[in-house]
Structures are given as structure tokens and as C-alpha cells.
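Let us walk through this structure step by step, moving from its charged side chains to its strands and its core. Keep the sequence at hand as you read, so that each residue can be found as it is named.

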Amino acid sequence: QVQLVESGGGLVQAGGSLRLSCAASGSIFSRLVVYWYRQAPGKQREFVAQSTSGGSTNYADSVKGRFTISRDNAKNTVYLQMNSLKPEDTAVYYCKSLSPPSPWGQGTQVTVSS
């Protein structure tokens, strides 16, 4: 089973930056498609970004041009660089694999103050 652990969240002012990390266990990491999702208080969990094994990326419209997903297969880690943060980016951020499926982790809290 693949397990992913998120880290790197924190409190930042609007306009600031954070880099989230998603560390994976297992030897198949390089073949994984890894997704970042987020869930704000009182809202449904939503897609943020995707990184495929071939290096392709995809983003939600709300974060395009501000967030960058990248991966280091040697370190079994996917990163989410978040720039120009807005208060509406406040949420718990999760990383996940769908195939094979990974369980939802604890996530990492990102709080952006205005």
C-alpha cells in the first residue's frame, strides 16, 4: 500500500509563500500520479494540482500561475510551491494517489491572513 505524508503548512500573510511536501513510502513512487487537494472550513474537498509520472502537471483554475507542483523521484517526494497566497487559500492540504489508492492522511494546515 502507498502511504503519503504531508508537511510544510503554516501561517503566512497574504502575498506570501509556502512550500508543501508530500513524502511517499514504497518503491513505485516514480510511477505514481500524485494529486494535491484542499479542504477549507465548511467546504468540500477540492482538487488543487496533479503531477504525473511522465512529468505532466495540471492545476485548478483558482491556483494557476501561483502554485507549482514538482517532484523529486529520488527522494520519493512531491512538492507544492505556493506563491502569492490569498486568504481564500486557507485550508487543510492533502496529497493523494488514486492508483494504487493511498489513504487520506492528516493533511497540513495552511492559514493565510489578510
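**Charges, strands and core**

In this predicted model, the count of salt bridges comes to four. Arg-38 takes part in one of them with Glu-46, where the closest N and O atoms are 2.6 Å apart. The two partners are not placed alike: Arg-38 is buried because its relative accessible area is 5%, under the 20% cut-off, whereas Glu-46, at 35% relative accessibility, counts as partly exposed.

Arg-38 also meets the side chain of Asp-89 in a salt bridge, at 2.9 Å from N to O. This pair links distant parts of the chain, since Asp-89 sits in the loop between E8 and E9 while Arg-38 belongs to strand E4, 51 residues apart. Asp-89 is buried, and Arg-38 is buried as well. Asp-89 has a further salt bridge with Arg-66, and here the closest N and O atoms are 2.7 Å apart. Arg-66 lies in the loop between E6 and E7 and Asp-89 in the loop between E8 and E9, so this pair ties together parts that are 23 residues apart in sequence. Both Arg-66 and Asp-89 are buried. Taken together, Arg-38, Glu-46, Arg-66 and Asp-89 are linked in a network of salt bridges.

What, then, is the nearest side chain of opposite charge to Arg-71, which is buried yet has no salt bridge? It is Asp-72, and that side chain is 8.6 Å away. Arg-71, which is placed in strand E7 (residues 67-72), instead reaches backbone atoms with its side chain: the backbone oxygen of Leu-32 is at 3.0 Å, and the backbone oxygen of Ser-51 lies 3.1 Å from a polar atom of the Arg-71 side chain. Leaving aside residues up to four places away in sequence, Arg-71 touches several others, including Phe-29, Val-34 and Val-78.

We can now turn to the strands. Strand E4 is joined to strand E5 (residues 46-51) by five bridges, and the two run antiparallel; within this pairing, Trp-36 stands opposite Ala-49. E4 and E5 form a hairpin with six residues between them, and Gly-42 in its turn has a positive phi of about 75°. E5 also pairs with strand E6 (residues 57-59) in the antiparallel sense, over three bridges, and there Ala-49 stands opposite Tyr-59. E5 and E6 likewise form a hairpin, with five residues between them and with Gly-55 in the turn, whose positive phi is about 95°.

At the end of E4 (residues 34-39) is Gln-39, which counts as partly exposed because its relative accessibility is 27%. A polar atom of the Gln-39 side chain lies 3.1 Å from the backbone oxygen of Lys-43, and Gln-39 touches residues further along the chain, among them Gln-44, Ala-91 and Tyr-94.

In soluble globular proteins, nonpolar side chains tend to be buried together. Here the largest nonpolar core has 28 residues, and those with the most contacts inside it are Val-34, Trp-36, Val-48, Phe-67, Leu-80, Met-82 and Tyr-93. Strands E3, E4, E5, E7, E8, E9 and E10 each supply at least two residues of this core, with the largest share, four residues, coming from E3. Phe-67 touches Val-48, Leu-80, Met-82 and Tyr-93, and its contacts also include Arg-38 and Asp-89, two residues of the salt-bridge network described above.

Note on methods:
Residues numbered from 1 in each chain as written. Predicted model: local features only at pLDDT ≥ 70, side-chain atom pairs only at ≥ 80, totals over all residues. Heavy atoms only, no water. Buried < 20%, exposed > 50% of the residue type's maximum accessible area, 1.4 Å probe, protein only. Contact = heavy atoms within 4.5 Å. Polar contact = N/O pair within 3.5 Å; in protein donor to acceptor, adjacent residues only side chain to side chain. Pairing = 2+ DSSP bridges. Lys, Arg positive; Asp, Glu negative; His and termini not counted. Core = buried A, V, L, I, M, F, W, Y, C linked by side-chain atoms within 4.5 Å.
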